[in-house]
Amino acid sequence: MREGFTYTRREFLKKAGLAGGAMVMANVAGGIPSAAAAMEEEKGAADELLKGVCDIHIHAAPDVKGRCINEFDFACKAKDLGYRAVMYKSNEWSCHDRAYLIRQALPDFEVFGSFCMNYAVGDKINVHAAKMAVETTGHCCKCIWMPTMAAVYPNAVEGRAGQGIPVVQDGKVLPEVVQVMEICADHDIIFATGHSSPQESLLMAAKAKEVGVHKFVVTHVNSLIWRMTADDIKRCVDLGAYIELCYLPRVWGAGTAMSQYERESARDFMNYVSVAPERSFISTDMGQANMPDPSEGMRACIGELLDGGVSQRVVDTLVRRNPAYLLGLEG
């Protein structure tokens, strides 16, 4: 396995099995390929690498940021490729209600949404919004994320101290956060740390164990300012947490539409995978405009894991069994 992830865009798509044909992006500067044409080409083309995959952190349109594909088109594509389930994430708007509508058109495919506690629902953790999310028709909300774009931690790191929606104060998890944990526990759905700091995530992990949250997730521990040490990851796991590893850091970087970020090395990614694989899962965190779509990322990820010597059993745990459990799809 190569130390650096130095594929050109065409090499990336070739590695993912999609170079040429309708799935190659029209051009990096020019926008989105025809989803309809892509799906026509891929109908019935189930992919053995992707069969049974559950990706539970996908960004798609409609959203306030540009996306490379919309939620309905990606659900159709994922179904054709053999996915078991997808869960969408929008930082600013609910998407569990749209998941309900998509399921009407794709009744034999598992599509879910989630809900983020950002400024669109107030300037503090909104317990009422969480209650309404889990009671929405279809019960498609499978995750409530703590603040992401409105989190205190990234604001402080970027020099905007005092801004953001807090989850912790004076070393204690805020009461409204605990109430949301209780809602997640009562409905057996995911409580996710969002863009909280590693230290905040550890505090919430301890509180989640006390509350009885069975599906507590520490998010993207291998990404940027949220990177955790192996010891911190193990502490979270000991408290009952599941660990999310995102593949996006292996895809962004020089020569991409997200060139402002340094690409994570193959070695670093594999080191994260090895820390606690039985309590970890891999999401793509993909869907950004002018970047490969989530299925391309997931295919490349699985290929990289297998090429790197990760056993099929562990790969299945990371991209199939654990995310399926978190979605309530046991069996």
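Which residue in strand 2 does Cys54 stand opposite? The partner is Ala85. That pair is a handy way into this predicted model, a chain with twelve helices and ten strands. Here's the quick tour, starting with the sheet.

**The sheet**
- Eight strands come together in an open sheet, and the pairing is parallel.
- Reading across, the strand order is 1-2-3-4-7-8-9-10.
- Strand 1 (54-58) and strand 10 (280-283) sit at the edges, so to speak: each of them pairs on one side only.
- On average, neighbouring strands here are turned by 25 degrees against each other, ignoring direction.
- Strand 1 pairs with strand 2 (residues 85-88) in the parallel sense, over three bridges.
- As general background, strands of a sheet pair through backbone hydrogen bonds, either parallel or antiparallel.

**A helix on the sheet**
- Helix 8 (residues 198-211) packs on the sheet, where it touches strand 7 (190-192) and strand 8 (216-218).
- The direction of helix 8 makes about 170 degrees with that of strand 8.

**Cysteines**
- Searching the whole structure turns up zero disulfides.
- Cys236 is buried, with a relative accessible area of 0%.
- Cys246 is buried as well, its relative accessible area being 0%.

**Whole-chain numbers**
- Of the 331 residues in the chain, 56% are buried.
- Take the contacts with a separation of 6 or more: 74% of them are between residues 24 or more positions apart.
- The chain's accessible surface is about 13400 Å², and carbon and sulfur atoms account for 51% of that surface.

Key. Residues numbered from 1 in each chain as written. Predicted model: local features only at pLDDT ≥ 70, side-chain atom pairs only at ≥ 80, totals over all residues. Heavy atoms only, no water. Pairing = 2+ DSSP bridges. Helix = DSSP H or I, 4+ residues; strand = E, 2+ residues; numbered from the N terminus. Axes fitted to C-alpha atoms, helices over the stretch in contact; angles between N-to-C directions. Contact = heavy atoms within 4.5 Å. Disulfide = S-S within 2.5 Å. Buried < 20%, exposed > 50% of the residue type's maximum accessible area, 1.4 Å probe, protein only. Areas by Shrake-Rupley, 256 points an atom, 1.4 Å probe, with all protein chains shown as cover.
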